[in-house]
Amino acid sequence: MNTLHRVKGPSTQHAGLVRKSAVAVALAAFFWGVAAQTAPTVPAPTAQATPGSSEVVNSALNAPLFYQLLLGELNVRAGEPGTGYSFILDAARKQRDPLLYRRAVEVALQARSGEAALAAARAWTEELPGSTEARRFELQILLALNRPQETGVVLQAILKDISANDRNDTINAIPQTYARVTDKALAAAVVREALGPYLKQPAHAAAAFTSIGRMYLAQDQLPEALVSARLGHTAETASPFPALLALELLERGEKQAEPIVRQQLDAGSITTPADTAVALAYSRILLDAQRNAEARTQLEKITARQPDQAEPWLLLGSLQLQENTLPAATASLEKYMALARQSGDERSARGLTQAYLMMAQIAEKRQDFPAANAWLDRIENADDIMATQMRRASLLARQGQMAQARALLRSQPERTPEDARLKLVAEAQLLRDFKAWKEAYEVYGEAVARFPDVPDLRYDQAMMAEKAGKPGDMEVLLRALIAAKPDFHHAYNALGYSLADRNVRLPEAKKLIEKAVELAPGDAYIQDSLGWVEFRLGNTARAIDILQAAYGKRPDPEIAAHLGEVLWSQGQRDQALKIWREGLLLSADNETLQGTLKRLRVKP
């Protein structure tokens, strides 16, 4: 709603607005208090100071200007923002004062009058053409009004006037500035034109190409974004900006972006925050893809070059714990905790909770249960209580006290329905960890009864039905899930894989898995299922192609088990052994891989 409907010029006929002298006195005191800020362009006389006293600076605010501003603010507070806006904008023009121009813009925005705010910002720009702040207000208001076609000139002026040292930061902020524009293509065209002069400037080309690439990314134009990232990288190989764009592309499945990241890391020094951001983000992507050896290499480089950065130590410690190198994990986590305690911010507090949980897990692996409990006692964040109690329950279960472990989880308070769901999931997960499949199946059943609209719970119950030797129940649950949520690709994949693994109803299994592929074409685990059912159907060559592609996309011990078996069946023994060894390095206790090796009587 536009409440700035009556914009009048200043007048002397507004004495009636001041209804209570107390209000006028209070506002007068306010204005005298800020007078030095409201008229900085007029030289302020200096009163003579007495010996020992501080210098007194008198304001240049004269009586007519004071009265005009007083009336302006009184009108704003009395619900007449149009009149107040007019008084304040007129005073800003008379004084050529950026603070008053800003106040006029604020009044208009508070009244939800974008046009009036734009008029004030443009008047500010015309009167003070060197003001970057004025142009920024004009740009933001135009974008809020969804008029990106008018922003090109303003953006060009901002980029021209900003110092060279700050220009790259401004260029990098452009995509976020235009993020809410509905016409993404138009916004991208405006930005490309504004950044044109900087694409050929060595100091700014990498940042400019990166921002153009992000404008393409906002339109889901990944190939064009990749071209921009490559051009930016070519302009400056060591620049982190194209590498950060490449990481975003990599997360969205654009594998051809990875060389940009690797080359930037090789060329960079990992000494700036941006370089560190690239290396850390890349390490996380590698961890998510289970490329642990490469992730470890990156994290070791970061910790060697920037040993005072806390977060890399936490990631490295987590990876070392996953690989069961407990002394190294302990050293990394201790280093992290020392650095995090020095920081004292909220992010570090959350990280410390993770570190305490991992230290408790290390102590648990060493059968040092008192030490594990001591680490858990350090956790104070209420939001992490369930994770803490889950670890305590695991400690009890490892000491043969499963009943007490389950009772501990059940005893946690339920402040919200989500708390109740988390309690049941935590109990079921505990039972899964200790291979109590039947009990886990029952707990998931309880969870489904209480939360029937959460598809993941029904899916997990179906997985436990299979583990508990109830394939019929599994199929009933998965088919009910498919009926309720036809786009839940995991259900199609699980049912199809179960049939293929049991070597029954193979055409039906293939049809189910192909439906899962249709719904999630980039999922390596579903590709693994498809390769496995092709093998069961006797289509060995196609099975090898599919499984090799899946394993290349996501090195995983279960995929390694299947690929190795297919290769083994074709007499490619050396290649099969190589794949199985890699799988064991990823997870030495993976059930599918261990079961395959035992059935085939192979010791890689």
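I began with tyrosine 336 and looked up its contacts beyond the four nearest places in sequence on either side. Tyrosine 336 touches Ala310, Glu311, Trp313 and Leu314. The rest of its list is Arg347, Ser348, Gly351, Leu352 and Ala355. I note here that the model is predicted.

Next I looked up the largest nonpolar core. I found 106 residues in that core. Tyr336 turns up again: with Tyr178, Leu195 and Leu249, Tyr336 touches the most other members. I then asked which helix gives this core its largest share. Helix α18, residues 346-365, does, with 9 residues. I also found a second core, separate from that one, with 65 residues. Trp437, Ala500, Ala520 and Ile546 are among its members.

I turned to helix α5, which runs over residues 114-127. I count 14 residues in α5. The span from the first C-alpha to the last is 20 Å, close to the 20 Å expected at 1.5 Å a residue. Which residues of α5 are buried? I list Gly114, Ala116, Ala117, Leu118, Ala120, Ala121, Ala123, Trp124 and Thr125. These buried residues pack against α3 (81-95), α4 (98-110) and α6 (132-144).

Last, I took the whole chain. I logged 32 helices and 2 strands. The chain has 604 residues, and 48% of them count as buried. I took contacts between residues at least 6 apart in sequence; 53% of these join residues at least 24 apart. I put the accessible surface of the chain at about 29600 Å². Carbon and sulfur atoms hold 52% of that surface.

Conventions: Residues numbered from 1 in each chain as written. Predicted model: local features only at pLDDT ≥ 70, side-chain atom pairs only at ≥ 80, totals over all residues. Heavy atoms only, no water. Core = buried A, V, L, I, M, F, W, Y, C linked by side-chain atoms within 4.5 Å. Buried < 20%, exposed > 50% of the residue type's maximum accessible area, 1.4 Å probe, protein only. Helix = DSSP H or I, 4+ residues; strand = E, 2+ residues; numbered from the N terminus. Contact = heavy atoms within 4.5 Å. Expected span 1.5 Å × (residues − 1). Areas by Shrake-Rupley, 256 points an atom, 1.4 Å probe, with all protein chains shown as cover. Lists of a residue's contacts leave out its neighbours within four places in sequence.
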